[in-house]
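Please open the structure in a viewer and keep the sequence at hand. The tour proceeds by selection, and each stop describes what is found there.

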Amino acid sequence: MGSAGLPLMLLLLLAGALDRIPGSEGGKETPAHFLVQVKFECHFLNGTQQVRYLYRNLYDREEYLRFDSARGEYEAVTALGKVDAETFNRDKRLLQYQKASVDDYCRPNYEVSQRNSVVGRRAKPTVSISPTKLDPASPNTILLCIARGFYPVEIEVRWLKNRRLEEEGVAFGEELQNGDWTYQLQVMLETQPQRGDVYTCQVEHASLEAPITVQWEPRSSNSARSKLWTGVVAAVIGMIFFAMGLSLYLKSKNAIPIQPPAALMN
């Protein structure tokens with residue numbers, strides 16, 4: 001089938017899917033607003049050594065039918081796709097066409113992406129730590145390690161306390177797309193920091209020659225700093241009074257006594 005056959009094939013598949021949209025059975029009217037999507041995906045492993053092609057049908061953002069080149073046939077993801085899967089799997093010509101998409105569609109697109117610097121692209125993450133307290137009365141502190149602007153999406157983030165790996169109290173968020181071919185990720189650590197502890201967020205990524213490490217140390221509370229300054233001021237004032245007293249004592253000890261006149265002595 002030539003390139004002109006692709007739009008025709010898609011129209012036939014889409015027409016068959018529309019016949020089974022919820023609300024269209026038995027001559028009923030379709031909903032006023034509905035969304036039908038067709039997606040093509042190519043998955044590559046070790047360049048083009050292993051290529052997997054996925055053809056996906058979605059209705060109202062829910063996938064109901066797919067063709068997977070690894071299986072070589074259509075698969076019903078939900079009950080809505082069961083009739084379509086059975087019908088399309090009986091069409092040997094259609095199955096052969098979809099299987100050929102690995103070489104006719106995926107591999108050529110990989111070469112185009114490689115020329116456009118999409119494949120092999122690297123973007124280094126920036127890493128920061130943000131501390132917060134959900135409850136001022138609680139001794140627990142939430143530490144957020146935030147990695148921003150990295151590509152590809154695979155990344156490894158670890159929390160360490162005093163150079164030891166922390167596993168308890170760690171929660172991983174989802175990688176979020178920034179819309180510019182980069183991602184961001186937040187990894188939370190709930191802990192009770194003590195004075196002298198050193199917390200480290202360590203990030204490893206394909207764009208880095210060595211891991212990025214960012215450290216955070218707990219600071220003294222306001223009350224503790226207030227008590228410290230009060231003690232310092234009291235000590236300084238005490239030293240001042242001690243120095244003044246010592247100076248007066250030394251002056252009185254070294255003073256020359258005044259002798260009475262000779263006439264009074266006689």
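Begin by selecting asparagine 89, whose side chain reaches the backbone nitrogen of tyrosine 74 at 2.7 Å. This is a polar contact, that is, a pair of N or O atoms within 3.5 Å, where within protein one must be able to donate a hydrogen and the other to accept it, and residues adjacent in sequence count only if both atoms are side-chain atoms.

Before continuing, note that the model is predicted, that local features need pLDDT of at least 70 and side-chain atom pairs pLDDT 80 or more, and that totals for chains, interfaces and linings use all residues. Residues are numbered from 1 along each chain as its sequence is written, and side-chain values use heavy atoms, with hydrogens and water left out.

**Helix α2**

Extend the selection to residues 82-89, which form helix α2 and include asparagine 89. Helices (H or I, at least four residues) and strands (E, at least two) are DSSP runs, numbered from the N terminus. Beyond its neighbours within four places in sequence, asparagine 89 is in contact (heavy atoms within 4.5 Å) with Glu73, Tyr74 and Leu95.

Which residues of α2 are buried? They are Asp84, Ala85, Phe88 and Asn89, where buried means under 20% relative accessible area, exposed over 50%, and partly exposed in between (1.4 Å probe, protein chains only). These residues cover an arc of only 120 degrees around the axis, and therefore lie on the same side of α2. The arc is that of the directions from the helix axis to the C-beta atoms. An α-helix has 3.6 residues a turn, so residues three or four places apart point the same way.

**Helix α3**

Next select residues 92-99, helix α3, in which Leu94, Leu95 and Gln98 are buried. Viewed down the axis of α3, its buried residues fall within an arc of 100 degrees, so they line one face of the helix. The face turned away from that buried side carries the exposed residues Lys92, Arg93 and Gln96. Add aspartate 91 to the selection: this residue caps the N-terminal end of α3, with a side-chain oxygen 3.2 Å from the backbone nitrogen of arginine 93.

**Strands β2, β3 and β4**

Move to strand β3, residues 62-68, where 5 of the 7 residues are buried, so the strand is largely enclosed by the rest of the structure. Strand β2 (residues 50-59) runs antiparallel to β3, joined to it by 6 bridges; two strands pair if DSSP finds at least two bridges between them. Asparagine 57 has leucine 65 in β3 as its bridge partner. The hairpin of β2 and β3 has 2 residues between the strands, and aspartate 60 takes a positive phi near 50 degrees there.

Now add strand β4 (residues 73-76), which pairs with β3 in the antiparallel sense over 4 bridges. Leucine 65 has alanine 76 as its bridge partner in β4. In the hairpin of β3 and β4, with 4 residues between the strands, glycine 72 takes a positive phi near 80 degrees.

**Salt bridges**

How many salt bridges does a search of the whole structure find? The search finds 10, each being a side-chain nitrogen of Lys or Arg within 4 Å of a carboxyl oxygen of Asp or Glu.

Select arginine 71 and glutamate 73, whose side chains meet in a salt bridge (3.2 Å, N to O). Glutamate 73 is partly exposed at 33% relative accessible area, and arginine 71 is also partly exposed, at 48%.

Arginine 56 and glutamate 63 likewise form a salt bridge (3.2 Å, N to O), and both residues are buried.

Then select lysine 161 and aspartate 197, a salt bridge with the closest N and O atoms 4.0 Å apart. Lysine 161 lies in strand β7 (residues 155-161) and aspartate 197 in the loop between β11 (183-191) and β12, so the pair ties together parts that are 36 residues apart in sequence. Lysine 161 is partly exposed, with 23% relative accessible area, whereas aspartate 197 is buried, at 10%.

**The sheet of β8, β7, β12 and β13**

Finally, display the open sheet of 4 strands in the order β8-β7-β12-β13, with antiparallel pairing. β8 (164-166) and β13 (212-216) stand at the edges with a single partner strand each, so one side of each is left without a neighbour in the sheet. Strand β12 (residues 199-205) pairs with β13 over 5 bridges. Select cysteine 201 to end the tour: it stands opposite valine 214 in β13.
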